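Here are some notes for a first look at this structure. Please keep the model open while reading the points below.

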Amino acid sequence: MDSRCFLAVLFLLLSLQPQLGASYLRARKNYIVHLDPRASPANSLEDWHRSFLPVATAPLDSEEDGAGDDGPRIIYSYNDVFTGFAARLTDEEADALRATDGCLRLYPEAFLPLATTRSPGFLGLRLGNEGFWSRSGFGRGVVIGILDTGILPSHPSFGDDGLDPPPRTWKGACEFRAVAGGGCNNKIIGARAFGSAAVNSSAPPVDDAGHGTHTASTAAGSFVENANVRGNADGTASGMAPHAHLAVYKVCSRSRCSIMDIIAGLDAAVKDGVDVLSFSIGASSGTQFNYDPIAIAAFKAMERGIVVSCAAGNAGPEPGSVGNGAPWMLTVAAGTMDRAIRTTVTLGSGDEFDGESLFQPGNNSAATPLPLVYPGADGSETSRDCSVLRGAEVGGKVVLCESRGLNGRMEAGQTVAAYGGVGMIVMNRAAEGYTTFADPHVLPASHVSYDAGTKIAAYVNSTASPTASIAFKGTVMGASPAPAVTFFSSRGPSRASPGILKPDITGPGMNILAAWAPSESHTEFSDGGVGLSFFVESGTSMSTPHLSGIAALLKGLHPDWSPAAIKSAIMTTSDAVDRTGVPLKDEQYRHATFYAMGAGYVNPDLAVDPGLVYDLHADDYLPYLCGLGIGDDGATEIAHRPVTCASLKATTEADLNYPSLVVNLLAQPITVNRTVTNVGKPNSVYTAVVDMPGDVSVTVQPPMLRFAELNEKQSFTVTVRWAGQPNVAGAEGNLKWVSEDHIVRSPIVVPAKAA
């Protein structure tokens, strides 16, 4: 380039730099604006919200930044669950608004990830006149709100044969238009789309990812016979509450969800009149509750009597990774079932290792022994997980690949196939233990545990000519141990409130068969998505709607129960042992801690009649909020009304009337208080039974509770002390209130002390 031309271009760029910088500052971005709930509007809510908007100092150049508007714009005016609004603002406008009296803070738009047949039977939900499921009415008349990627209304799981019309109190809207073969009916009674999720102008709430259809059918899908994926996991599919109504709020597009749209969806769901909210979306693990718009919105939903069921997240097994941890939310971990879609790897040595794969080919190219290769033997990480391969190394062979974590296993198979491999063995990393996925692979494959993988790798290194074959055995029931906690399920303690045990409960979240919508997901397995009516997915996204549906069953049977009473019934009747009667295990097949599984694995047949419940209402949380040290302002922001902590007796986290107890025990004994409500039989007597390690002493006063009436309340204290020297490793056990008909179990956790 001529030097004069170069200098001219350089001068032009430098002269434009201030203008480009100014344009960036004037470009509008999305914010949630949090207002002080103590300031009540003098006129309409929208007018009040609009009064906070600064006057635009200069119009934006529509040709320059594409905005095409000349001032700040309100996107949502939140009415019920959040005091504030969402708006598009420039940096200058945002700064001016922050300085406005009555504005608490601005949250820049953030995106949260989705937390992505057999399960009713595994949970004891079976058809029959005498069974709890039938007696519950299958959730008839209860409305479950699903916040997700939308729904495929034409799917047979959402047929409405035999269902009642929507409740008279229902206020929701249906935005389906021109949907072939489907729309709203007596199953799907509401459907709306929000913001960036409303990408399909003809039918905004239609699911274009599959995830929302899967979660909705898990919670409340109707009975569909012969449900399977290419013949696997065959059976009658149904949700937990197959006669409940569904209200769908599309707040996510594909794999991400705008926090602005989530709050708008929550706001609409509460206004519409849902009874249960199902929220299979990840959330931050450590955000202080008054800085967490979802926790704030969920508080208002709880106050309206709505059970808010949320995913714990898929960030396990890292301690302190649990999200959605506010005590007014039901936080759900993911566990396995006793069904496996079985594969068996046979080595040249004769050793056999069971694994899983959803792809069970009739024409199996790996049925006979083939050369086995482990690219990771060179020590390279990209070789270990088969991200980088050499065709000469893998062509015509079975390839051993290390897992890439929660995702990426199918991509590894595509890479192996592209380089000429004819089979693949996916071996877990150490942290993933025995959790194996049934994936829709593109070639014969088997996902095996870390233990099996290390033995297979050792075999490859022990012989000059290693071989392997893969056999496919279809769906197998009775896999053991079951249930167990999955590796990816997020762990406690909650960073926002470590004195409250989180997660609360574990439900089925591994290899779950449910309805599916044609999408770009798994097209390699479904002929472009055509004809793929059901699919297998894993995650706390899958365990959450199981609990949402179970909560709907309890709500239908006990419409006067509070969300806390329903949560208590679910937690105190859960199983801490597996189907063989031994303590639940985690992904390493070690004793699962309460920080992994919550109170235990849900048992809906017992939850319907828990005997006693630990109840809480909105006002009961206020002393707890003050005890967190967030002050009057923080408590006010969450409660949506003025709170003066000085007029309340602030309580510790341990004294919140929760169905589990976390006691930060030091040298001195600690006494905590609890109150239970009799929801079982009148004239019943309960005796305290404590199961704790010998180095911890627990005293319950009084040791016996006598109830004369239904709904009678009784209070007691629990004093915890070290029986000897304090144990830095902590301790876990249970307090059980035992009567002739009930065992009401509460976990007791003494957290480990940092070294």
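1. Start at Lys271. Setting aside residues up to four places away in sequence, Lys271 touches Asn79, Asp80 and Lys171. Bear in mind that this is a predicted model.

2. Where does Lys271 sit? Its place is in helix 8, which covers residues 259–272. Lys271 is partly exposed, because its relative accessible area is 39%, and partly exposed covers values between 20% and 50%. Arg304 is 33 residues apart from Lys271 in sequence. In space, the two are 9.8 Å apart, C-alpha to C-alpha.

3. Helix 8 also matters for the next topic, the nonpolar cores. The largest one has 66 residues. Which residues have the most contacts inside it? They are Tyr249, Ile262 and Trp328. Helix 8 gives the most to this core, with nine residues.

4. Take Ile262 as an example. Leaving out neighbours within four places in sequence, Ile262 is in contact with Leu112, Leu147, Val251 and Cys257. Phe279, Ile281 and Ile294 complete its list of contacts.

5. Another core lies apart from the largest one. This other core has 38 residues, among them Val206, Ile505, Ala551 and Ile566.

6. Now the sheet. Seven strands form an open sheet, with parallel pairing. Their order is 7-10-6-13-14-15-23. Strand 7 (188–193) and strand 23 (505–508) stand at the edges. Each has a single partner strand, so one side of each is left without a neighbour in the sheet. On average, neighbouring strands are turned by 25 degrees against each other, direction ignored.

7. Look at one edge of the sheet. Which strand pairs with strand 23 over four bridges? Strand 15, residues 330–335, does so in the parallel sense. Val332 stands opposite Ile505 in strand 23. Ile505 is also one of the residues in the core of 38 residues.

8. Last, a helix pair. Two packed helices are described by the angle between their axes and the distance between the axes. Helix 9 (residues 293–303) and helix 19 (residues 631–639) pack at an angle of about 60 degrees. Their axes are 7 Å apart. The two helices are therefore oblique to each other.

9. Which residues meet in this helix pair? Helix 9 brings Ile296, Phe299 and Glu303. Helix 19 brings Glu637, Ile638 and Ala639. By class, the contact has four nonpolar, no polar and two charged residues.

Terms used. Residues numbered from 1 in each chain as written. Predicted model: local features only at pLDDT ≥ 70, side-chain atom pairs only at ≥ 80, totals over all residues. Heavy atoms only, no water. Pairing = 2+ DSSP bridges. Axes fitted to C-alpha atoms, helices over the stretch in contact; angles between N-to-C directions. Parallel < 35°, antiparallel > 145°, perpendicular 65-115°, else oblique. Contact = heavy atoms within 4.5 Å. Nonpolar A, V, L, I, M, F, W, Y, C, P; charged D, E, K, R; others polar. Buried < 20%, exposed > 50% of the residue type's maximum accessible area, 1.4 Å probe, protein only. Core = buried A, V, L, I, M, F, W, Y, C linked by side-chain atoms within 4.5 Å.
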